[in-house]
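Please open the model in your viewer and keep the sequence panel beside it, since this tour moves from one selection to the next.

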Amino acid sequence: PEGAVEMRDARQALADGDIDLCREKLRKAYAKSPNLPPPKLMLARMLLGKQQFGAGRALLEEVALSHPQDPNVYLLFGKLALVDGHATDAALHFDKALAQKIPSNWTDAQKEYLQRECLTGQTTVAELRRDWDQAAELYQQRVDAKPKDGQLRDRFAMALFRGGEHNRAFEQFDLAHLQDETMNPPEVSM
């Protein structure tokens, strides 16, 4: 796709420690493909991906001021809140990300990514809060989207088990083991 070469070059520049070249390449990628996130947001995402939380967070704060309607800003803040163990902050950010109007130039893949990542984050929040009913409900949505993912189904079963739904948990553990033989047999998981 348009801008892919520049994105690759930007990642390499960041890996080489040349942040100015990285910024330049991100600006060029954005110029070629305006459906990409703003360059500062892409750089913040890259920094956070490299576990450079201080620099990534600072840049993300700048992006929040210049692009307050971009759902990705709140998605990233939600993920950062989870890293810090702040479940309530994370929940608020994921809700805000989903409440934002989707930019008209977003692709279907970008829309699906936002939905999937917010759902994953909300599931993690429910687990941190030990709200097993909510976690099971969210896992059900995720399993419905990826019904052949045995590892995801195993986590769904664990949420059901912790919520006291032992029969449903056993069924899901059994399906998980059938889908992925690396998963424990249901008797062991129970």
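Helices here are DSSP runs of H or I with at least four residues, numbered from the N terminus. The model is a predicted one, in which local features need pLDDT of at least 70 and side-chain atom pairs count only at pLDDT 80 or more, while totals for chains, interfaces and linings use all residues. Residues are numbered from 1 along each chain as its sequence is written, and side-chain values use heavy atoms, with hydrogens and water left out.

Select Asp-70 to begin, in the loop that runs between α4 (53–66) and α5 (71–83). Asp-70 is buried (under 20% relative accessible area with a 1.4 Å probe, protein chains only) but has no salt bridge, meaning a side-chain nitrogen of Lys or Arg within 4 Å of a carboxyl oxygen of Asp or Glu; the nearest side chain of opposite charge belongs to Arg-45, 6.6 Å away. Now add Asn-72, whose backbone nitrogen lies 2.8 Å from a polar atom of the Asp-70 side chain. Beyond the neighbours within four places in sequence, Asp-70 is in contact (heavy atoms within 4.5 Å) with Pro-38, Leu-41 and Trp-106.

Leu-41 leads to the next selection, helix α3, where the buried residues include Leu-41, Met-42 and Leu-43. Because eight of the eleven residues of α3 (residues 39–49) are buried, this helix is largely enclosed by the rest of the structure. Show α1 (4–15), α2 (19–32), α4 and α5 as well, for the buried residues of α3 pack against these helices. After α3 comes Gln-51, with a positive phi near 65°.

How values were computed
Helix = DSSP H or I, 4+ residues; strand = E, 2+ residues; numbered from the N terminus. Buried < 20%, exposed > 50% of the residue type's maximum accessible area, 1.4 Å probe, protein only. Lys, Arg positive; Asp, Glu negative; His and termini not counted. Polar contact = N/O pair within 3.5 Å; in protein donor to acceptor, adjacent residues only side chain to side chain.
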